[in-house]
Protein chains: 2
Amino acid sequence: MKIDKDTKILIIGLGIIGGSYAKGFTKAGYKIDAIDTDPDTISYALENNIIDKGSIKADRKMIEEADILIFALYPHIFREWIEKNQWYLKSGAIITDVTGVKGCLVRDIQGFLRDDCEYIAAHPMAGCEKLGITHSNEEIFYDANYIVVPTEKNTENAINTCRQIGEILKFARISYLSPEDHDEMIGFVSQLTHCIAMSLMTCNHTEKLEDYTGDSFRDLTRIARIDETMWSELFLLNKDALLHQMKLFTMEISKLERMLMEADKEGIKDMMRRSTARRKLFDKENQEETV
Amino acid sequence: MKIDKDTKILIIGLGIIGGSYAKGFTKAGYKIDAIDTDPDTISYALENNIIDKGSIKADRKMIEEADILIFALYPHIFREWIEKNQWYLKSGAIITDVTGVKGCLVRDIQGFLRDDCEYIAAHPMAGCEKLGITHSNEEIFYDANYIVVPTEKNTENAINTCRQIGEILKFARISYLSPEDHDEMIGFVSQLTHCIAMSLMTCNHTEKLEDYTGDSFRDLTRIARIDETMWSELFLLNKDALLHQMKLFTMEISKLERMLMEADKEGIKDMMRRSTARRKLFDKENQEETV
């Protein structure tokens, strides 16, 4: 499918990510329909010309017309929605999403979805600790990674459609991972980091610590402001991969604890050197040089 | 002591912090002398008008003239320097520093220092992962916290002198803590966060992770680029407080691990709510409102 100005794109869920998708498509000259159960969200999106048409329920005509449906919902609501409304889909429709975990969801939905429609998973690795369409901003993607997560069931056509979405929304990089590699990676770079930030935020009850805090601490705990409904669900859907990553991390912290107890200065310095060398790989300026 | 344009201020150590101090004082109209063993550092500081006079050794005349001496050296070098050169100090001279740990150092130096001079500890909670005078920048203090760390041996005069230094360098906030409270706080907000960032950086050896990384991960690991000589020394000087904070943190991570294993969604959500509520206290906009 070549996405052009006549392609009917329907976004379901206009939160921070769905809203930012809508803004990005609209800015690029595409017409977007949207469904969100919150009337204020739809009014806001219409009044601000973020979408072309909107509905607060699963509007049958909108669904029937859509060539591409993009779901930006809590995972379990996404799954239920497809189960319930899939018979309204146009034959050949492509479904994609923005969900933060994949393994448990993708094969499940691909298993029960009608044969003449296709679901291809994708994950925009961008976000914001604030919620709702009023905070949406298409520019959060410009610096971010768009990961397409195909399975053996997906076609070149669907993979290409996702690539075009990534390009239209101006993601800095488009990558491809299997659901299993995706979930392991996300368990490490995203979920483990949220676990750490939360634990750091709740482990020490000393009052007035905020008076003495430098920027390192603020940076490390920015993501400790966390949407508990979304993230508790994502954690549990990716439980095994996340527990594995937590184990790797806590074993490493224990090694450092032991070196401290033993005053093993050389061991600590060696770990610091390895940390510094590896962190350099993650600097954006460094990546741009090597891309 | 009222710091005025005739006050002789000597900075020993012109690295990232000493250099930023020198720039801040010079910009505010004060004349700064400096000692640094690196000839390039002194040349750079003179050529760029960051200091008025410089020396690459413990220049006896400079030391004899100084009313205030500010040490920005590795802790053990600082201690040795005072031990060796204290007999050159002017009677009534005030010594202060920028060292990141206090307990073990302050009482030790106060114990052997001449009775007619005074050492008062201070800690500018600002920094940069880059090193050296070429990266120094007095603006890193404008947003930061300056902590004065007096003991029962310190006089009002010395505490006031430090307060003036904090004001001249335009720190956002000046606070006062005992050495023990300082070290416990710093074990948590600074050293533990560095331990976490390092462990995160070295615990997972998957290649190409940097290709999939979002900003959360970059924020959490920015401080994983760490000067191993400085930080291994700071960690070991504050070993007990740091080990205590690491224990609090790893116990909290273990609780979260257990809740995940047991799929205790309500428990996880409750922890997320506590994390979110506490993190809000640390937002700068929030602090400004309440100050």
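Helix α1 of chain A covers residues 16–27 of this predicted model. Its twelve residues should span 16 Å at 1.5 Å a residue, and its end C-alpha atoms are indeed 16 Å apart, so the two values agree.

How much of α1(A) is buried? Ten of its twelve residues are, so the helix is largely enclosed by the rest of the structure. The buried set opens with A:Ile16, A:Ile17, A:Gly18, A:Gly19 and A:Ser20. A:Tyr21, A:Ala22, A:Lys23, A:Gly24 and A:Phe25 complete the list. What lies over these buried residues? The cover includes strands β1 (9–12), β2 (32–35) and β4 (68–71) of chain A. It also includes β7 (121–125), β8 (145–149) and helix α6 (156–168) of chain A. After α1(A) comes A:Gly29, with a positive phi near 95°.

**Positive phi values**

Most residues other than glycine have a negative phi. A:Lys170 has a positive one and is not a glycine. B:Ala263 is likewise not a glycine, and its phi is positive too. The table adds A:Gly29 to these two residues.

| Residue | Phi | Place |
|---|---|---|
| A:Gly29 | near 95° | follows α1(A) |
| A:Lys170 | near 65° | loop between α6 and β9 (173–176) of chain A |
| B:Ala263 | about 50° | loop between α10 (239–261) and α11 (265–281) of chain B |

B:Ala263 is partly exposed, because its relative accessible area is 42%.

**A loop glycine in chain B**

B:Gly15 sits in the loop between β1 and α1 (16–27) of chain B. Is B:Gly15 buried, partly exposed or exposed? Its relative accessibility is 25%, so B:Gly15 counts as partly exposed. Which residues does B:Gly15 touch, leaving aside neighbours within four places in sequence? Its contacts are B:Ser20, B:Asp36, B:Gly132, B:Ile133 and B:Ser136. B:Lys280 is 265 residues away from B:Gly15 in sequence, and their C-alpha atoms are 34 Å apart in space.

**The cavity**

How many cavities of 30 Å³ or more are there? The count comes to one. The largest cavity has a volume of about 40 Å³. Its lining is made by B:Lys8, B:Ile9, B:Leu10, B:Lys31, B:Ile32, B:Asp33, B:Met62, B:Glu65 and B:Ala66. Strands β1 (9–12) and β2 (32–35) and helix α3 (60–65) of chain B each give two or more residues to that lining.

**Cysteines**

The whole structure holds zero disulfides over all chains. Why is A:Cys117 unpaired? The closest cysteine sulfur is in A:Cys162, 15 Å from the sulfur of A:Cys117, and that is too far for a bond. A disulfide would need the sulfur atoms within 2.5 Å. A:Cys195 is in no disulfide either; the nearest cysteine sulfur belongs to B:Cys203, 12 Å away. Both residues are shielded. A:Cys117 is buried, with a relative accessible area of 8%. A:Cys195 is also buried, at 0% relative accessibility.

**Two copies**

Two copies of a chain are related by a rotation about an axis and a shift along it. Here a rotation of 180° with 0.0 Å of shift along its axis superposes chain A on chain B, with an RMSD of 0.0 Å. The copies are thus related as by a two-fold rotation axis. Which residue of chain A comes closest to the rotation axis? It is A:Leu220, whose C-alpha lies at 2.2 Å. Of the interface residues of chain A, 100% are also interface residues in chain B, so the copies meet through the same surface.

Definitions and conventions:
Residues numbered from 1 in each chain as written. Chains lettered and ligands numbered in written order. Predicted model: local features only at pLDDT ≥ 70, side-chain atom pairs only at ≥ 80, totals over all residues. Heavy atoms only, no water. Least-squares fit on C-alpha atoms with pLDDT ≥ 70 in both. Contact = heavy atoms within 4.5 Å. Buried < 20%, exposed > 50% of the residue type's maximum accessible area, 1.4 Å probe, protein only. Helix = DSSP H or I, 4+ residues; strand = E, 2+ residues; numbered from the N terminus. Expected span 1.5 Å × (residues − 1). 1 Å grid on protein atoms, 1.4 Å probe; cavity = no way out; pocket = protein on both sides within 12 Å on 5 of 7 lines; lining within 4 Å. Points joined across faces, edges and corners; volume = space filled by probe spheres on them.
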